[in-house]
Structure formats: C-alpha cells, structure tokens
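Grab a pencil and get the structure up on your screen. We'll work through a few exercises together, one step at a time.

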Amino acid sequence: MDIQPSERLKQLPPYLFADLRRKAAEARARGVKVIRIDIGDPDRPTPDPVVAELLRAVNDPADPDRHRYGCDAPVEQFPQAVRDFYRRRYGVTLAANEVAVTGGSKDAIAQFPMAVLNPGDLAIAPSPGYPTYNIGHVFAGASTHYAPLREAGGFLVDFDAIPPEVCRQAKLLWLNYPNSPTTATADLDFFRSAVEFGRRHNVLICHDNAYGLNTYDGYVAPSILQVPGAAEVAVEFFSLSKAFNMTGWRAGAMVGNPSAVVGLRTVKENTDNGTLRGIQFAAAKALDSCEQIVPPINEVYRRRRDLVVDALNAHGWSLAKPKGTIYVWARVPGRYKGSSAAFATDLLEKTGVIVTPGLGYGQWGEGYFRISLTYGEDVLTEALGRIGEMRL
Ligand SMILES: *Cc1c(COP(=O)(O)O)cnc(C)c1O
C-alpha cells in the first residue's frame with residue numbers, strides 16, 4: 001500500500017536544508033573538510049551536579065516510582081523549582097495553577113495550539129522565526145499570519161503594523177526574545193505593548209523564552225510575566241535546554257494564564273506520558289543552582305561570540321555584539337544580492353563551511369545568515385578564517 005501523507009503534513013514548509021545537506025555530501029566526496037557552524041545545540045556537557053542528581057534519582061531504591069510514567073508520579077520539586085526560579089530571577093510570583101511542566105519547549109510549542117485553535121483559525125508568528133510556531137498551527141488545522149521582524153525596527157514585532165482584520169481574527173501571537181535567529185532582545189516596555197495588544201484584541205500572547213538565561217555583559221532579559229496582569233493574556237515557554245546544556249533531556253515549563261495551563265496539560269495527558277522522574281529531579285536541581293551553573297556556561301559563549309563578531313568585522317562586516325542567544329546574525333555580502341541560499345551554497349562549495357541561510361527561518365529572514373556559537377573556539381577560528389579567505 002502506498003501511504004499518502006495527510007494534507008496537514010503536505011502543508012509543512014519544505015525542508016530548506018535538504019539541498020545544503022546534499023551539497024555538503026558532494027563537497028566531502030571531493031575531499032573538502034566540511035565545517036558546520038550552523039546548528040544551535042550546545043556542544044558542552046550537562047554540568048556534573050545535574051548529571052549526579054539524575055543518577056541518584058534513577059537508582060534510588062527508596063523511590064518505588066522512579067521508573068514510572070512521569071504524569072502518574074509527578075515530581076513536585078520541579079514545578080516548585082520553576083516557581084522559585086521565577087521569583088528569584090524575575091520577581092514574579094506564580095501560583096501552582098500557573099505552571100505546566102513540559103518535555104522541553106519544542107514539544108509544548110507544537111502541542112499547545114491543539115488546546116486553543118480550531119480548524120480555520122488564524123495565529124500570528126514572527127518572520128524570521130522558529131519554524132515550530134507555524135507547524136503547531138498547521139497540526140491544529142489553523143493558519144499563520146507572519147509578522148515581519150525588520151532590522152530597522154530592532155527585529156521587534158511591530159504591533160501597529162498588524163492588519164486590523166488579522167488582529168480581529170487571530171487567537172495567538174508568538175514572541176521570542178532574546179530572539180532566534182536575529183539575536184535581538186526586548187525590554188519590558190516592549191512586553192507591556194505586547195500585553196496591551198493581547199488585551200485589546202483578545203489574542204493570547206505566547207512568549208518563547210528559550211534564551212532568557214543566555215545573556216551577556218550583565219544584561220538580564222525580562223520575562224513577559226513581569227508586566228503586571230500579564231498572566232491574564234500571556235503564557236511563557238521556558239526551557240532548560242540552551243542555558244544548562246540539556247537539549248537531549250527534554251525539560252521545560254509553560255507558565256502564565258491558568259486556563260492555557262489547563263489546556264496544555266489536557267493535550268499532554270492525551271498525547272504523552274510525562275517526563276522521567278529522574279529528569280525532573282535533575283531539572284529541579286539545575287534550576288535551584290542556576291546562579292552557580294549558568295554564568296560559566298555563558299562565559300564560554302561570550303568568548304566565542306567575541307571571536308566570531310571580531311572576525312566578521314575584520315572581514316568587512318560591522319556587527320554589534322549580541323546581548324543574548326547563542327548565535328550571530330549577519331547580512332550576506334553585497335555581491336549575493338540578498339540571496340542567503342546563494343551565499344550559503346557558495347560558501348560551502350568554496351570553503352566547506354556551513355552556515356544557516358536566513359530564508360530557512362521564513363521570508364523575512366532572507367538576506368541574512370546565522371552562525372551558531374555551539375562549536376569550539378578552534379572550529380570557529382578555522383571557519384571564520386576560511387570565510388575571510390573567500391573573496392567576498
Ligand atoms: C531551541 C529552541 C527551542 C526549543 O528548545 P527545547 O529543547 O525544545 O526546549 C524553542 N524555541 C527556540 C527559538 C529555540 O531556538
């Protein structure tokens with residue numbers, strides 16, 4: 001039997017990186033040493049105290065539930081650690097019904113729209129942006145209006161530029177600051193406007209806070225929940241993945257609006273069985289020790305950021321150093337006439353270096369490329385050296 005993909009699967013955007021992957025294989029076959037600096041997945045190991053807590057918990061004979069479904073035997077320490085963390089970091093008090101634990105934010109971002117969107121509904125996502133916002137809408141049978149993030153506007157969503165009929169119809173709006181891929185950051189005034197927009201138009205504001213702890217030079221990124229009353233119209237997706245080197249573990253939380261929390265919990269109860277207790281104990285340990293664990297991890301990224309930005313600037317760019325995320329976002333050189341795919345392909349073919357073309361994050365990412373700081377300084381130095389040798 002020939003299984004046909006569903007209409008919803010067919011609606012997913014084409015995988016833009018398939019072509020680059022094929023070209024990388026061709027380059028390797030020609031004997032070129034390919035260097036990837038494109039993937040945003042931390043290279044450094046999870047800190048020892050967190051690993052130790054996992055090992056303790058999975059081996060704890062005093063815990064007869066240690067092997068069981070996480071949903072049937074929840075670990076109270078984890079949501080409590082999330083609440084303590086929000087109080088310490090943001091001065092935000094979360095009630096118990098304002099926290100849903102998740103298996104990382106990608107899962108929750110994809111699942112949550114099923115709790116609140118109906119087929120034919122409309123939701124707003126930034127472009128360029130994390131592809132999973134739109135994918136969640138598509139799986140819920142809804143569609144996406146893209147709000148452009150423009151360099152001239154600091155890559156912030158321009159609420160006044162969203163067409164009135166979109167404001168009327170939309171049920172959700174996604175934000176993500178510190179932002180991937182643009183590395184932009186947002187201040188509390190921006191989040192105030194977001195909350196006001198949500199209130200005025202009856203739109204739930206969904207803030208993806210994946211990089212809230214990956215910040216530099218003393219900068220502290222705000223939480224949208226610091227805006228008074230935000231939980232009436234907003235939720236925030238928090239994840240341990242990027243700040244604690246825990247991408248493979250799958251641990252995070254959605255916090256904020258209590259009815260949205262119930263909605264996500266309901267979808268989760270019906271589609272997954274929760275996270276292993278040992279992982280939840282370890283995630284609680286990580287959050288409780290955040291002030292000790294995170295600064296040395298960020299110091300590694302800060303040095304890599306300086307290395308990459310200084311090298312690009314020496315090669316003719318004029319980039320400011322990003323205050324957050326684990327990326328560098330830059331315009332493609334003039335002679336590629338704004339084509340990020342042409343630049344990424346030429347760079348790969350001539351030097352073996354793989355960066356991410358901005359178009360992969362949506363139409364408004366065109367003209368830019370992203371470098372990830374999740375590679376060692378030796379790798380980044382060699383890659384940036386090759387970029388410099390290429391006559392741009
Ligand atoms: C990495 C990332 C996530 C998801 O991380 P999880 O590992 O699923 O928690 C979410 N949003 C953005 C923008 C990301 O870059």
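**Exercise 1. Find the residue just after α12 that takes a positive phi, and check the length of the helix.**

Step 1. Go to the end of α12: just after it, G316 has a positive phi of about 115°. Helices (H or I, at least four residues) and strands (E, at least two) are DSSP runs, numbered from the N terminus.

Step 2. Before going on, know your model: it is predicted, so local features need pLDDT of at least 70, side-chain atom pairs count only at pLDDT 80 or more, and totals for chains, interfaces and linings use all residues. Residues are numbered from 1 along each chain as its sequence is written, and side-chain values use heavy atoms, with hydrogens and water left out.

Step 3. Now the length. Helix α12 (residues 290-314) has 25 residues, and at 1.5 Å a residue it should span 36 Å. The rule here is 1.5 Å times one less than the number of residues. The end C-alpha atoms are 35 Å apart, which agrees.

**Exercise 2. Work out the strand order of the seven-stranded sheet and say why one side of β2 and of β4 has no neighbour.**

Step 1. Two strands pair if DSSP finds at least two bridges between them. Following the pairs gives an open sheet, β2-β8-β7-β6-β5-β3-β4, with mixed pairing.

Step 2. Look at the edges: β2 (99-102) and β4 (143-148) each have a single partner strand, so one side of each is left without a neighbour in the sheet.

Step 3. Zoom in on one pair. β3 and β5 (residues 170-175) run parallel over three bridges, and L122 has A170 in β5 as its bridge partner.

**Exercise 3. Do the same for the three-stranded sheet: which are the edge strands?**

Step 1. The order is β9-β12-β11, in an open sheet with antiparallel pairing.

Step 2. The edge strands are β9 (327-331) and β11 (356-357), each pairing on one side only.

Step 3. Two bridges join β11 to β12 (residues 368-372), and P357 stands opposite F369 in β12.

**Exercise 4. Hunt for unusual backbone angles in the loops.**

Step 1. Remember the background: most residues other than glycine have a negative phi, and most peptide bonds are trans.

Step 2. Check two prolines. The S127 to P128 bond is cis, with omega near 0°, and P128 is in the loop between β3 and α7. The S180 to P181 bond is also cis, with omega near 5°; P181 lies in the loop between β5 and α9 (188-201).

Step 3. Check F155: its phi is positive, about 55°, although it is not a glycine. You'll find F155 in the loop between β4 and α8 (164-169).

**Exercise 5. Describe the largest pocket: how much space lies in it?**

Step 1. A pocket is an open set of points on a 1 Å grid over the protein atoms alone, where a 1.4 Å probe fits, with protein on both sides within 12 Å along at least five of seven lines; lining residues have an atom within 4 Å of a point. The volume is the space filled by probe spheres set on the points, which are joined across faces, edges and corners. That comes to about 1400 Å³.

Step 2. Of its 46 lining residues, the closest to the centre are F17, K106, Y130, P131 and Y361.

Step 3. Helix α2 gives the largest share of the lining, five residues.
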